Amino acid sequence: MDNVYKTESTGIKHFESEGISFNSSINWSFYKMENETSGDYLFSISKGTDENMDFIHFYEGAYNRTLSEYISSEKKEIPLRNWTITSEKELTVDGLPAYQISALNQENNPLIKTWLIKDGTMYTIYAVPGSGKNLTSIEKDLEIVTSTFHVL
């Protein structure tokens with residue numbers, strides 16, 4: 001896509017688009033979900049092929065409350081979706097407090113969501129391993145993304 005700037009060096013790929021930048025391992029590629037209807041969706045990166053494809057999706061949206069208020073609300077919603085939280089932790093992303101929840105969705109598929117707020121905007125990094133894979137297949141790659149994620 002024209003608006004994605006990528007550079008590659010020593011096993012790392014740098015992405016810059018839609019007001020965010022981050023690094024990933026070299027085997028990830030830009031991906032745009034054509035059927036994503038959320039107005040908050042920015043773009044995705046993917047690795048693998050077909051149903052075995054791993055994804056990391058990026059979203060942003062205006063949010064005028066605190067991260068802890070959002071996480072509290074999200075943790076109440078998760079059981080209502082028939083999801084199960086498997087782990088959660090606080091971390092720092094782009095020098096800001098962030099929160100990460102690993103969960104199993106209603107089909108028992110794993111996912112990891114990471115949230116941070118900067119200047120009234122909520123950023124969500126949503127990692128989903130390919131069909132039949134567990135979170136260990138995507139955790140190291142997600143760590144590269146979150147440790148280098150930057151709002152431009």
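Thr 124 lies in strand E10 of this predicted model. With a relative accessible area of 12%, Thr 124 falls under the 20% limit and therefore counts as buried. Beyond its neighbours within four places in sequence, Thr 124 is in contact with His 57, Phe 58, Tyr 59, Thr 114 and Trp 115. The strand around it is mostly covered as well, since 7 of the 8 residues of E10 are buried.

E10 has a partner on either side. E6 pairs with E10 in the antiparallel sense, over 8 bridges, and the bridge partner of His 57 in E10 is Tyr 126. E9 is joined to E10 by 7 bridges, and these two strands also run antiparallel. Here Leu 116 has Tyr 123 in E10 as its bridge partner. E9 and E10 form a hairpin with 2 residues between them. In the turn, Asp 119 has a positive phi of about 50°.

These pairings belong to an open sheet of 7 strands with antiparallel pairing, in the order E4-E5-E6-E10-E9-E8-E7. Strand E4 (29–31) and E7 stand at the edges; each has a single partner strand, so one side of each is left without a neighbour in the sheet. Neighbouring strands of this sheet are turned by 20° against each other on average, direction ignored. At the E4 edge, E4 and E5 pair antiparallel over 3 bridges, and Tyr 31 stands opposite Ser 44 in E5. Helix H2 packs on the sheet and touches E5, E6, E7, strand E8 (96–104), E9 and E10. The direction of H2 makes about 40° with that of E6.

Strand E8 offers another buried position. Ser 102 is in strand E8 and is buried, with a relative accessible area of 5%. Ser 102 and Thr 86 are 16 residues apart in sequence, while their C-alpha atoms are 5.5 Å apart in space. Apart from neighbours within four places in sequence, Ser 102 is in contact with Thr 84, Ile 85, Thr 86, Ser 87, Leu 111, Ile 112 and Leu 135.

In soluble globular proteins, nonpolar side chains tend to be buried together. The largest nonpolar core of this model has 24 residues, of which Ile 20, Phe 22, Phe 43, Ile 45, Ile 56, Phe 58 and Phe 149 touch the most other members. At least two residues of this core come from each of strand E3 (20–25), strand E5 (41–47), strand E6 (54–62), strand E7 (84–93), strand E9 (110–118), strand E10 (121–128) and helix H2 (136–148). A second, separate core has 17 residues, including Ile 101, Ala 103, Leu 111 and Met 122. Ile 45, from the largest core, has contacts beyond its neighbours within four places in sequence with Phe 15, Phe 22, Ser 24, Trp 28, Ser 29, Phe 30, Tyr 31, Asp 54, Phe 55, Ile 56, Phe 58 and Val 145.

Phe 15 and Phe 22 lead to the strands earlier in the chain. In a regular strand the side chains alternate between the two faces of the sheet. Strand E2 (residues 12–17) shows alternation: Lys 13, Phe 15 and Ser 17 point to one face and are buried, whereas Ile 12, His 14 and Glu 16 point to the other and are not. E2 runs antiparallel to E3, with 6 bridges joining them, and the bridge partner of Phe 15 in E3 is Phe 22. E2 and E3 form a hairpin with 2 residues between them, and Glu 18 in its turn has a positive phi of about 55°.

After E3 comes the loop to E4, where Ile 26 is placed. At 36% relative accessibility, Ile 26 counts as partly exposed. The C-alpha atoms of Ile 26 and Thr 10 are separated by 8.2 Å, although the two are 16 residues apart along the chain.

The protein chain as a whole contains 2 helices and 11 strands, following the pattern β-β-β-β-β-β-α-β-β-β-β-α-β along the sequence. For 152 residues, a compact globule would have a radius of gyration near 15 Å, and the 15 Å of the protein chain agrees with this. Its C-alpha atoms fill a box of roughly 40 × 35 × 30 Å along the principal axes. Buried residues make up 45% of the 152. Of the contacts with a separation of 6 or more, 42% are between residues 24 or more positions apart. The chain exposes about 8200 Å², and carbon and sulfur atoms supply 46% of that area.

Note on methods. Residues are numbered from 1 along each chain as its sequence is written. This is a predicted model: local features need pLDDT of at least 70, side-chain atom pairs count only at pLDDT 80 or more; totals for chains, interfaces and linings use all residues. Side-chain values use heavy atoms; hydrogens and water are left out. A nonpolar core is a set of buried Ala, Val, Leu, Ile, Met, Phe, Trp, Tyr and Cys residues joined through side-chain atoms within 4.5 Å. Buried means under 20% relative accessible area, exposed over 50%, partly exposed in between (1.4 Å probe, protein chains only). Helices (H or I, at least four residues) and strands (E, at least two) are DSSP runs, numbered from the N terminus. Contact means heavy atoms within 4.5 Å. Two strands pair if DSSP finds at least two bridges between them. Axes are lines fitted to C-alpha atoms, for helices over the stretch in contact, and angles run from 0 to 180 degrees between N-to-C directions. The radius of gyration is taken over C-alpha atoms; the globule rule is 2.2 Å times the number of residues to the power 0.38. Accessible areas come from the Shrake-Rupley method with a 1.4 Å probe; for residues, only the protein chains shown count as cover.
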